[in-house]
Amino acid sequence: MHPTARQSSTAQLSAWLDPHPRLDGVALIDHLFNKLDGLYPHRWRSAFANEHAISNWRQAWAEGFCEENLTLNEIKAGISACRRLFEWPPSFAEFAKACRPAIDYERAFLEAIEQMRKRETGDDVWSSAAVFWASCKLGGDLRAHPYHAIKGRWHAALDDAIDGVRTGKLPSEIPPRMTALPAPGKTTVPPEIARERIAQINAILYRKLTTTEAV
């Protein structure tokens, strides 16, 4: 393994195993242990014969999260899914699948068409940032073609967007809809509002530029 990759892997593992300042010194992996213990009282903790077994669990699951590149948001989603999916504590494989459920591409496509339409009036609500960025990539082709005609392109765009959000190449937050500025000389918008809108546009352009450079 390259030294840089090894250092990155060690840092990722430490992020899970070391005390976390925002959790009063409790490590993220221990916080997860407590969450699962709360979801499955008696059933979860009774699966560990002693502290050595808990230590093995900590190490194995932390390494698994690093190898799978699971994000904190995905793990939060996995905890939420456990409430619906599992009556008994999940294995690592079951938990990882709960964190990243199978993608319903066609459903996401229909969401993209509907929410892009609503975005024209600022009423859009997205299930994830990835669906939004994939929609931006295909643009007008979403409405111009039925699902079966651009199925392959949509799958690729959504896969790329999911990976982009997961790795930080794309923002995990959906930018606000920008209202077009009136033509020069015909505006009734107060100067301070116009300046705020221009600042928002510049901020979005800056994020796009820095994202492109990072790639």
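**Helix crossings and the largest pocket**

Mentor: In this predicted model, H2 passes H4 in a right-handed crossing.

Trainee: Why are H2 and H4 called roughly parallel to each other?

Mentor: The axes of helix H2 (residues 28-39) and H4 come within 10 Å and cross at roughly 15°. Angles under 35 degrees count as roughly parallel, and H2 and H4 are therefore described in that way.

Trainee: What makes the contact of H2 with H4, by class?

Mentor: H2 contributes Leu28, Leu32, Lys35 and Leu39, while H4 contributes Leu72, Ile75, Ile79, Cys82 and Arg83. By class, seven are nonpolar, none is polar and two are charged.

Trainee: Why is H7 called oblique to H9?

Mentor: Helix H7 (residues 129-138) and helix H9 (residues 151-167) have axes that come within 8 Å and cross at roughly 130°. Angles over 145 count as roughly antiparallel and 65 to 115 as roughly perpendicular. The crossing angle of roughly 130° is in neither range, which makes H7 oblique to H9. The crossing of H7 and H9 is right-handed.

Trainee: Which residues make that contact, and of which class are they?

Mentor: Among them are Ala130, Trp133 and Lys137 of H7, with Trp154, Asp160 and Ile162 of H9. The contact has twelve nonpolar, one polar and three charged residues.

Trainee: What lines the largest pocket?

Mentor: The largest pocket, with about 980 Å³ of space, is lined by 25 residues, and Pro101, Ser127, Ser128, Ala130 and Ile162 lie nearest its centre. Helices H4, H5 (92-99), H6 (105-119), H7 and H9 each give two or more residues to the lining. By class, that lining has 14 nonpolar, five polar and six charged residues.

Definitions and conventions
Residues are numbered from 1 along each chain as its sequence is written. This is a predicted model: local features need pLDDT of at least 70, side-chain atom pairs count only at pLDDT 80 or more; totals for chains, interfaces and linings use all residues. Side-chain values use heavy atoms; hydrogens and water are left out. Axes are lines fitted to C-alpha atoms, for helices over the stretch in contact, and angles run from 0 to 180 degrees between N-to-C directions. Helices (H or I, at least four residues) and strands (E, at least two) are DSSP runs, numbered from the N terminus. A crossing is left-handed if the near helix is turned anticlockwise from the far one by less than a right angle, and right-handed if clockwise. Contact means heavy atoms within 4.5 Å. Ala, Val, Leu, Ile, Met, Phe, Trp, Tyr, Cys and Pro count as nonpolar, Asp, Glu, Lys and Arg as charged, and the others, Gly among them, as polar. On a 1 Å grid over the protein atoms alone, a cavity is a set of points where a 1.4 Å probe fits but cannot get out, and a pocket is an open set with protein on both sides within 12 Å along at least five of seven lines; lining residues have an atom within 4 Å of a point. Grid points are joined across faces, edges and corners, and a volume is the space filled by probe spheres set on the points.
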